[in-house]
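Please look through the structure below slowly, with the sequence beside it, before reading the explanation that follows.

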Amino acid sequence: MPDVEIPCVQCKEIFIFTEKEQETFYQRNMMAPQRCPKCRSKKMATGENAPTRFEIVCDHCGKHDQVPFQPKVGRAVLCRECFQASKSRMKFA
Ligand SMILES: [Zn+2]
Ligand SMILES: [Zn+2]
């Protein structure tokens, strides 16, 4: 496979997806990267591994918990346990 030029979805800069990289990605069953190496490392630096956590109070049991997303104001937020419980309830409903 020849090198491919891919426009970065973030900064629109063209970067080279080399033959060697393609092999690695292919072996790992990964999709071709959409971001240039610069944006990719920036994304990692901003904490791919340490996602932002938002403190919440469960609407159901009143327990404090942390969720990886910004809770919507005025919408019920559930702690992990209640969320799991509500999910399995939906499955069996
Ligand atoms: Zn980029
Ligand atoms: Zn709860």
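A residue is called buried when its relative accessible area is under 20%, exposed when that value is over 50%, and partly exposed in between. Keep in mind throughout that the model is predicted. With this cut-off, S86 can be placed: at 14% relative accessibility it counts as buried, because 14% falls under 20%. S86 lies in helix α3, and a polar atom of its side chain is found 2.9 Å from the backbone oxygen of F83.

We can now turn to the metal sites, beginning with the zinc ion that is ligand 1. This zinc ion (ligand 1) is coordinated through the SG atoms of C8, C11, C36 and C39, at 2.2 to 2.3 Å. The angles among its 4 donor atoms run from 104 to 117 degrees, and the site is tetrahedral. If you follow the chain, the donors of the zinc ion (ligand 1) show the spacing C-x2-C-x24-C-x2-C. C8 sits in the loop between β1 (4–7) and β2 (14–17), while C36 sits in the loop between α1 (19–27) and α2 (37–45), so this pair ties together parts that are 28 residues apart in sequence.

How accessible are these two cysteines, C8 and C36, buried or exposed? C8 has a relative accessibility of 1% and counts as buried, and C36, with a relative accessible area of 3%, is buried as well. When its neighbours within four places in sequence are left aside, C36 is in contact with C8, C11 and F15. Several of these residues appear again in the largest nonpolar core, which has 7 residues in all, namely I6, C8, F15, F17, F25, C36 and C39. In soluble globular proteins, nonpolar side chains tend to be buried together.

The second metal site belongs to the zinc ion that is ligand 2. Here the SG atoms of C58, C61, C79 and C82 coordinate the zinc ion (ligand 2) at 2.3 to 2.4 Å. The site of the zinc ion (ligand 2) is tetrahedral, with angles of 103 to 114 degrees among its 4 donor atoms, and in sequence its donor residues are spaced C-x2-C-x17-C-x2-C. C61 belongs to the loop between β3 (54–57) and β4 (64–67), and C79 to the loop between β4 and α3 (80–92), so the pair ties together parts that are 18 residues apart in sequence. As for accessibility, C61 counts as partly exposed at 43%, whereas C79 counts as buried at 1%.

With so many cysteines in view, a reader may ask how many disulfides a search of the whole structure finds. The search finds 0 disulfides. A disulfide is a covalent bond between the sulfur atoms of two cysteines.

Finally, the backbone deserves a careful look at two places in loops. Most residues other than glycine have a negative phi. K12, however, has a phi near 65 degrees, a positive value in a residue other than glycine. K12 is placed in the loop between β1 and β2, and at 61% relative accessibility K12 counts as exposed. N29 has a phi near 60 degrees, again a positive value in a residue that is not glycine. N29 lies in the loop between α1 and α2, and with a relative accessible area of 74% N29 is exposed.

Note on methods
Residues numbered from 1 in each chain as written. Chains lettered and ligands numbered in written order. Predicted model: local features only at pLDDT ≥ 70, side-chain atom pairs only at ≥ 80, totals over all residues. Heavy atoms only, no water. Donors = N, O, S within 2.8 Å, 3.2 Å for Na, K, Ca; no water. Tetrahedral: all angles 85-135°; square planar, octahedral: opposite > 155°, others 65-115°. Helix = DSSP H or I, 4+ residues; strand = E, 2+ residues; numbered from the N terminus. Buried < 20%, exposed > 50% of the residue type's maximum accessible area, 1.4 Å probe, protein only. Polar contact = N/O pair within 3.5 Å; in protein donor to acceptor, adjacent residues only side chain to side chain. Disulfide = S-S within 2.5 Å. Core = buried A, V, L, I, M, F, W, Y, C linked by side-chain atoms within 4.5 Å. Contact = heavy atoms within 4.5 Å.
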